[in-house]
Each structure stands twice: as structure tokens, then as C-alpha cells.
Amino acid sequence: MLEQTRLSHSPDGLQAKRAVDSVANFSDLPDLLLVERTRGRDTRAFETLMRRYNRRLYRIARSILSNDDAAEEAVRAAYFRAFANLDRYEPAGKFGAWLARLAFNEALALRRHSPATPLTVVQQSSPAAAADGTEAVATRQQLEDAIDALPEVFRTVLVLRIVEDLSGVEVAVCLALNETTVRTRLYRAQQRLKVDVARRLRAEPFNIFELTPERCDRIVAQVFAKLHTATPVVSESR
């Protein structure tokens with residue numbers, strides 16, 4: 001069961017509401033079909049797309065902004081722009097790469113307007129992790145700090161290739177680079193890291209700049225809240 005956000009009519013006009021709906025079939029649908037459903041104002045399809053790509057977009061934005069809350073803001077802005085320009089998306093390119101490029105641009109724009117944004121990292125772990133995973137948390141923080149210390153041009157490529165595990169071709173498309181540049185930047189990024197840090201990053205990359213479930217849910221809810229305000233003609237798909 002996946003909690004969905006829909007838009008429905010009420011005596012006061014359109015308003016967002018939360019409902020539980022079985023969408024196992026939605027999570028299995030390919031991007032292009034979900035995009036078509038979203039163009040038809042099916043909010044379940046748009047939520048599925050957001051949850052599918054939230055982590056990738058967040059990691060891209062976080063690699064540029066070095067700030068958790070600012071990264072979340074950039075992701076929301078990317079989804080607003082995606083929804084507003086969905087008819088311009090060309091199916092010849094991967095939807096995930098198109099979204100990634102939007103998030104990349106939104107993060108750059110946000111950084112230009114907020115150059116002095118301070119680094120804020122909020123550690124959220126379970127009681128068991130706090131009790132038994134202290135070393136793992138410290139290791140993750142050390143890795144994140146080391147990545148944050150890299151120049152941005154290296155940092156974003158490193159996050160996408162090593163942490164998000166995209167191919168060189170996929171990273172090139174996301175960042176509008178050629179594949180040779182991706183390889184060069186990845187090599188230089190790894191050279192700038194200490195040997196032990198690079199080794200640990202390659203061994204345990206997947207918890208770096210992790211998007212917490214709470215933050216993921218908040219992104220989805222706030223995107224729908226703003227879309228409801230900005231596009232009152234949207235209605236629930238049956």
C-alpha cells in the first residue's frame with residue numbers, strides 16, 4: 001500500500017487530500033506511461049515518478065548545495081518545473097535524465113541566489129543504529145565531509161557515478177557533459193580523496209547523502225500542496 005496524494009473537489013473548491021490506495025501496478029509501470037498519465041492529471045502517476053526519482057534528485061542537489069534543506073528546496077523546484085513543462089518532454093530521452101538535469105539547474109540557480117548557505121546535516125537514525133551503529137554513522141559522516149570538501153565539478157560526478165551508481169553515459173546525459181569529461185572528473189575526484197576514504201566510499205557508497213523517508217514524504221506533500229495552489233484546474237483521475 002502506498003499513501004497517495006490526490007486533488008479533489010470540495011465545497012470550498014479543489015483541495016489536497018491524503019488517501020491510501022493500492023498502486024502496485026503503478027510502481028511497476030515504465031516512466032513513459034507514468035508521464036502520459038501525469039499529463040492527463042493522474043496524481044498517482046506523478047507521485048510514483050517523484051518517489052522513484054526523489055533520492056537521485058536529492059543527491060544531485062545536495063552535491064551542489066552542501067545543505068540538506070537547500071537540496072530539498074531544489075528538488076521541489078525541479079518537480080514544479082517538470083510538471084509545468086511536461087508537454088515539452090521528448091520521449092526520445094530518458095525521463096530520469098531530464099528530471100536530473102532540471103534538479104541540477106535548480107540547484108545551481110539556488111546556489112547563485114544563496115551563496116552563503118551554511119552546511120546543515122541532520123543525522124536521523126533509529127535507536128538501534130544509535131546504540132550499535134555509532135561507528136557506521138561516524139564513517140558515513142566522514143565520507144560525506146570528504147565529498148563536501150571536493151570542488152563541485154568533481155563532487156557531482158562522484159555522487160552520481162559512485163553513490164547513485166549511474167553509468168558514465170547516464171551521468172553524461174544528466175549533466176550535459178561528454179563521457180570522457182565524466183571519466184576525467186571521476187578520476188580526479190577519487191585522486192583528491194584520501195586513499196582510505198576512497199576505498200571505503202567504493203565499499204559502502206549507498207548510504208551517502210541518503211534521503212530519509214520523512215524528507216521524501218515531505219517533498220511529495222509540499223509539491224502537491226503547491227501544485228494545488230498554482231493549478232486549481234487539476235482534478236482527480238478516476
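**Exercise 1. Find how much of the protein is buried, and describe its overall build.**

Solution. Of the protein's 238 residues, 48% count as buried, and this figure belongs to a predicted model. Turning to the elements, the protein has 12 helices and 2 strands, and from the N terminus on the two strands precede the helices, in the order β-β-α-α-α-α-α-α-α-α-α-α-α-α. Finally, among contacts between residues at least 6 apart in sequence, 67% join residues at least 24 apart.

**Exercise 2. Determine where the confidence of the prediction falls below 50.**

Solution. Begin with the whole protein, which averages a pLDDT of 80, while 78% of the residues score at least 70. Over residues 117–132, however, the pLDDT is below 50, and this stretch has 26 contacts in the model beyond near neighbours in sequence. Residues 232–238 also stay under 50, and for them the model has 18 contacts beyond four places in sequence.

**Exercise 3. Identify the residues that touch the most other members of the largest nonpolar core, and follow one of them.**

Solution. The largest nonpolar core holds 68 residues, of which Tyr-79, Leu-158 and Leu-201 touch the most other members. Helix α3, residues 43–65, gives the most to this core, with 11 residues. Following Leu-201, and leaving aside its neighbours within four places in sequence, one finds contacts with Leu-143, Ile-147, Leu-158, Ile-162, Val-163, Leu-193 and Ile-208. As a general background, nonpolar side chains in soluble globular proteins tend to be buried together.

**Exercise 4. Compare three salt bridges by their place in the chain and by the exposure of their partners.**

Solution. The protein has 21 salt bridges by the rule used here, and three of them can be taken in turn.

1. Arg-55 and Glu-164 meet with 3.6 Å from N to O; Arg-55 lies in helix α3 and Glu-164 in the loop between α8 and α9, 109 residues apart. Arg-55 is partly exposed at 34% relative accessible area, whereas Glu-164 counts as buried because its relative accessibility is 11%, under the 20% cut-off.
2. Glu-106 and Arg-81 have their closest N and O atoms 2.4 Å apart, and they link helix α5 to helix α4 across 25 residues. Glu-106 is buried at 13%, while Arg-81 is partly exposed at 45%.
3. Glu-179 and Arg-183, with closest N and O atoms 3.9 Å apart, both lie in helix α10, 4 residues or about one turn apart. Glu-179 is partly exposed at 35%, and Arg-183 is partly exposed at 48%.

As a last step, return to the pair in item 1: Arg-55 and Glu-164 belong to a network of salt bridges that also links Arg-56, Arg-59 and Glu-210.

Terms used
Residues numbered from 1 in each chain as written. Heavy atoms only, no water. Buried < 20%, exposed > 50% of the residue type's maximum accessible area, 1.4 Å probe, protein only. Contact = heavy atoms within 4.5 Å. pLDDT = per-residue confidence, 0-100. Core = buried A, V, L, I, M, F, W, Y, C linked by side-chain atoms within 4.5 Å. Salt bridge = Lys/Arg side-chain N within 4 Å of Asp/Glu carboxyl O.
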